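Let's walk through this structure together, one contact at a time. Keep the 3D view open and turn it as you read.

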Amino acid sequence: MSNCFLPARILLPGAEVPLDPWACIAVDQFTSQPEYWQQAERLAAGRPSTLHIVLPEAYLGTAQEAARLAEIRQTMTRYRRTVLTRQVNGYVYVERTQLDGTVRQGLVGMVDLEAYSYAAGAGTAIRPSENTVVERIPPRLRIRRGAELETPHVMMLADDPARTLIEPIGRCKDRLPCLYNGELMLGGGRLAGWAVEDPDLLAGIDAALRALGDPEAFAARWPQAAGQSPLVLAVGDGNHSLATAKACWEELKPTLAPAERACHPARYCLAEVCNVQSPAIEIEPIHRVVFGAALPELTDRLLNWAAANGITPGAQGPQRLTLAGGGQEQTLALAGRLEPLAVGTLERFLSDILPENPQWTVDYIHGADAARALAADPARPATAVLLPPFAKADLFRGVVLGGVLPRKTFSMGHAEEKRYYNECRSLL
């Protein structure tokens, strides 16, 4: 069986085109801060930039959308002829220097959309880590349909404790052709990339992917999932962009002959794969604040709900939730009929209890201190429910054993550290 992540014909601008302003941040960032995008447009005005071939989501549904789409199509045609003058037949090994100085390693190639599904319970080799909101796909389809080029902000995660897939390429980067090395616009850190076309390196990547997808190794790591199809890659970021590529491919596929389906460019989507075990990959829990519910009331409701659902508090319980409000807090250890992760158990509780209390609302908060501060406001009752640190292995465990993680389970880095558009691929 072929691998789900493959070498691609990757297009890049000429070496004379600087990363700033060629590379631009993922369009789903700063959606409530149009001033960021206005500043980016000033920097990119009259210069080659991926900003001119993507549509920031801050503009979705606005009067500008149709006009910008027409401009995007024209710019893609021009860039294919005059700007994207270099190509890599293989992968691009990338190093992203983040705001704290750590270096995130990645490998840019293409994922096979036939090996991916966002349907609940799908046992494909590539799966979303969080629920896909299908209502978010149609606006993105308008952008991808008929597009000549794609440029990715999709970031995939491999669970590779032995560091067999990406890290070996990093160790030999000094003998690879350097494609770019420079600062990213608007404080995005530094990005460098090297061409990976050597047949031996390509064979090593292929072998590592096959080992990560080996059914016996998968069953040994996840005994509860023995017999399932192995999960090779989980979507860490850009979930709805990948889902849009899949939806576009499913639209196109019935119009193609079988031979065309096997190799059509739209069957694939450019993406970057990172190792979730890397120290540079930071995964933090997203906490909940329940407004309208004081700490004693929410605690009582949680304990009553737990008792009714086969869950008991106890010192040795494997899942811990900390409830904070009004300057006080307590930690509950839970055991019994739990979801694979504490966030799943909490979401099940909230989905059961919120309809009975329509005056309560929930917000999703990055940072425990920020959540505590919101729950300490004496002007309104609120309780912060703090989730435990998110172990990296829990991401794959939650997807393997629970199907997908609940929405707003985790975050990966700061907004400025999201993937920037840089590499391109032809969709024609």
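Start with Thr244: setting aside neighbours within four places in sequence, Thr244 is in contact with Ile137, Arg140, Leu141 and Arg144. Keep in mind as you look that this is a predicted model. Thr244 sits in helix H8. Is Thr244 buried or exposed? Its relative accessible area is 3%, and buried means under 20%, so Thr244 counts as buried. One of its partners shows how the chain comes back on itself here: Thr244 and Arg140 are 104 residues apart in sequence, yet their C-alpha atoms are 6.3 Å apart in space.

Now widen the view to the two helices around this spot. Two packed helices are described by the angle between their axes and the distance between the axes. For helix H4 (residues 137-144) and helix H8 (residues 239-252), the axes come within 9 Å and cross at roughly 65 degrees. Angles of 65 to 115 degrees count as roughly perpendicular, and H4 and H8 are therefore described that way. Their crossing is right-handed. Which residues of H4 and H8 meet? On the H4 side they are Ile137, Arg140, Leu141 and Arg144, and on the H8 side they are His240, Ala243, Thr244, Ala245, Ala247, Cys248 and Glu251. Sorted by class, this contact of H4 with H8 holds six nonpolar, two polar and three charged residues.

A second helix pair lies further along the chain. The axes of helix H10 (residues 295-308) and helix H11 (residues 342-353) come within 11 Å, with a crossing angle of roughly 105 degrees. H10 and H11 are therefore roughly perpendicular to each other. From H10, the contact takes in Leu298, Arg301, Leu302 and Trp305, while H11 brings Thr345, Arg348, Phe349, Asp352 and Ile353. By class, the residues where H10 meets H11 divide into five nonpolar, one polar and three charged.

Next, let's follow the aromatic rings. How many aromatic pairs are there, taking ring centres within 6.5 Å as the rule? The count comes to seven aromatic pairs. Take Trp22 and Tyr79 as one of them: the ring centres are 5.7 Å apart and the planes stand at 45 degrees, so this pair is tilted. The pair links distant parts of the chain, with Trp22 in helix H1 (residues 19-22) and Tyr79 in helix H3 (residues 65-82), 57 residues apart. Both Trp22 and Tyr79 are buried. Another pair is Tyr116 with Tyr118, whose ring centres are 6.3 Å apart and whose planes are at 50 degrees, so this pair is tilted too. The two tyrosines have separate exposure classes: Tyr116 counts as buried at 1% relative accessibility, whereas Tyr118, at 26%, counts as partly exposed. You can also pick out Phe30, Tyr36 and Trp37, which form one aromatic cluster.

While you are at helix H1, have a look at the backbone as well. A cis peptide bond joins Asp20 and Pro21, with omega at about 25 degrees. Pro21 has its place in H1.

Two loop residues also deserve a stop on the backbone tour. Arg163 is not a glycine, yet it has a positive phi of about 55 degrees. You will find Arg163 in the loop between strand E8 (155-158) and helix H5 (167-171), and Arg163 is partly exposed, with a relative accessible area of 30%. Leu186 likewise has a positive phi of about 55 degrees without being a glycine. Leu186 belongs to the loop between strand E9 (178-183) and strand E10 (190-196), and with a relative accessible area of 23% Leu186 is partly exposed.

The last stop is Pro381, in the loop between helix H12 (368-375) and strand E18 (382-386). At 44% relative accessibility, Pro381 counts as partly exposed. What does Pro381 contact, leaving aside its neighbours within four places in sequence? Its partners are Val290, Phe291, Gly292, Ala293 and Ala294. Ala333 makes a useful comparison: Pro381 and Ala333 are 48 residues apart in sequence, and their C-alpha atoms are 24 Å apart in space.

Key: Residues numbered from 1 in each chain as written. Predicted model: local features only at pLDDT ≥ 70, side-chain atom pairs only at ≥ 80, totals over all residues. Heavy atoms only, no water. Phe/Tyr/Trp six-rings, centres within 6.5 Å; stacked < 30°, edge-to-face > 60°. Helix = DSSP H or I, 4+ residues; strand = E, 2+ residues; numbered from the N terminus. Buried < 20%, exposed > 50% of the residue type's maximum accessible area, 1.4 Å probe, protein only. Axes fitted to C-alpha atoms, helices over the stretch in contact; angles between N-to-C directions. Parallel < 35°, antiparallel > 145°, perpendicular 65-115°, else oblique. Left-handed = near helix turned anticlockwise from the far one by under 90°. Contact = heavy atoms within 4.5 Å. Nonpolar A, V, L, I, M, F, W, Y, C, P; charged D, E, K, R; others polar.
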